[in-house]
Amino acid sequence: MGLHTPIETHQPPQPFGVEVLDLRHFTSQHLRPLLESESRLWAQLMSWDYRPSAEMILRYIDSKILPGYALVENANIGGYTFFVYEGSKGVIGDLYADGSIRLPAIAGQMPETVEERLATHVIETLQRSPGVQRIEAQLLPHESGALAGPFLQEGFRQFPRLFMVLDLAAGLPQAAEYPDIDFRRWLEHDFQPVSSVISACYRGHIDAEINDQYRSLNGSLRFLNNIVRFPGCGIFDAHSSFVAVHRPSRSIVGLLLCSRVRDDVGHVTQVCVLPGHRGRRIGESLIGLCTQELRTRNFTALSLTVTEANFKAVGLYHRLGFTTRRRFDAFVWEG
């Protein structure tokens with residue numbers, strides 16, 4: 001992950017009116033109220049404790065190495081966005097506004113939102129960054145279509161996705177028994193073989209259009225490392241993460257990774273089964289093992305995200321009792 005050179009500064013500039021300013025002019029003290037507001041939104045919309053992610057963002061802000069923007073009106077910070085560089089790719093990590101600033105309408109047009117203004121700035125920055133050939137964004141707290149304008153105007157492709165939730169107090173999926181498949185919990189030495197399974201599972205898959213890390217072994221390994229080591233998608237929970245092992249070859253053929261996003265809520269960060277073993281309900285069994293483990297520890301819900309056009313997966317989750325709570329967008333640009 002590459003970041004811009006820090007800007008040496010001690011005090012943020014004092015803007016007059018509404019301005020979009022470099023995020024690195026500010027400290028965690030300036031941004032903390034905004035991140036606390038965002039954390040409350042994640043808790044309300046998705047039963048997700050965003051505070052560990054917020055604290056990580058604030059540490060990066062204090063280090064002056066996190067590129068992004070803050071929208072400010074008379075010293076009030078009403079929104080922010082940040083992004084990172086991963087080789088020739090830019091990733092928009094977050095974009096949030098608390099509603100405290102309203103932009104005026106121009107020439108009778110509908111007023112631009114703070115989120116749209118920030119999106120326009122970050123898109124322009126990334127598209128003009130030397131060497132950037134791809135930009136990805138997944139905007140989970142924003143309803144599908146709410147921020148489509150700035151992205152579609154700049155040639156991004158839009159992929160609607162679903163945030164789905166399973167009530168663990170209801171009937172749970174059951175794990176089946178197989179003559180040639182064993183299930184066990186995640187182990188630390190699973191990184192390399194699981195990365196191979198992920199890259200093989202997503203070859204030609206629509207999700208590899210959304211996240212290009214799925215297209216290679218090294219990319220899948222980076223994805224897996226981010227899931228297990230960092231709190232961006234919750235705190236990884238090895239006890240509720242399982243792999244399916246083909247007994248004759250002793251190779252992993254399926255997996256489910258789960259994180260804890262609240263003390264009593266789990267989130268599936270990855271579930272996949274190799275093509276040669278699909279149609280046997282191995283994925284359903286992995287979900288069954290995960291949900292049973294979570295319920296023994298008094299978890300109340302399990303969530304996941306899925307691309308809406310992945311009809312088979314969406315149908316499976318509906319059949320298992322998941323309900324759609326939100327519809328959001330992923331955006332991809334390739335220059």
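This passage describes the overall fold of a predicted model and then its helix 7. Local features require pLDDT of at least 70 and side-chain atom pairs pLDDT 80 or more, while totals for chains, interfaces and linings use all residues. Residues are numbered from 1 along each chain as its sequence is written, and side-chain values use heavy atoms, without hydrogens and water.

The protein has nine helices and 13 strands (DSSP runs numbered from the N terminus; helices H or I, at least four residues; strands E, at least two). Its radius of gyration is 21 Å, taken over C-alpha atoms. The globule rule (2.2 Å times the number of residues to the power 0.38) gives 20 Å for 335 residues, so the protein is as compact as a globular protein of that length. The C-alpha trace spans about 70 × 40 × 40 Å along its principal axes. Of the 335 residues, 53% count as buried (under 20% relative accessible area, 1.4 Å probe, protein chains only). Contacts are heavy atoms within 4.5 Å. Among those between residues at least 6 apart in sequence, 72% join residues at least 24 apart.

Helix 7 covers residues 217–229. Its 13 residues should span 18 Å (1.5 Å times one less than the number of residues), and its end C-alpha atoms are 18 Å apart, which agrees. Gly219, Ser220, Phe223, Leu224, Ile227 and Val228 are buried in this helix. They cover an arc of only 165° around the axis, which puts them on the same side of helix 7; the arc is that of directions from the helix axis to the C-beta atoms. Their cover includes helix 5 (191–201) and strand 10 (251–262). At the N-terminal end, Ser216 caps helix 7. A side-chain oxygen of Ser216 lies 2.9 Å from the backbone nitrogen of Gly219.

Conventions. Buried < 20%, exposed > 50% of the residue type's maximum accessible area, 1.4 Å probe, protein only. Polar contact = N/O pair within 3.5 Å; in protein donor to acceptor, adjacent residues only side chain to side chain.
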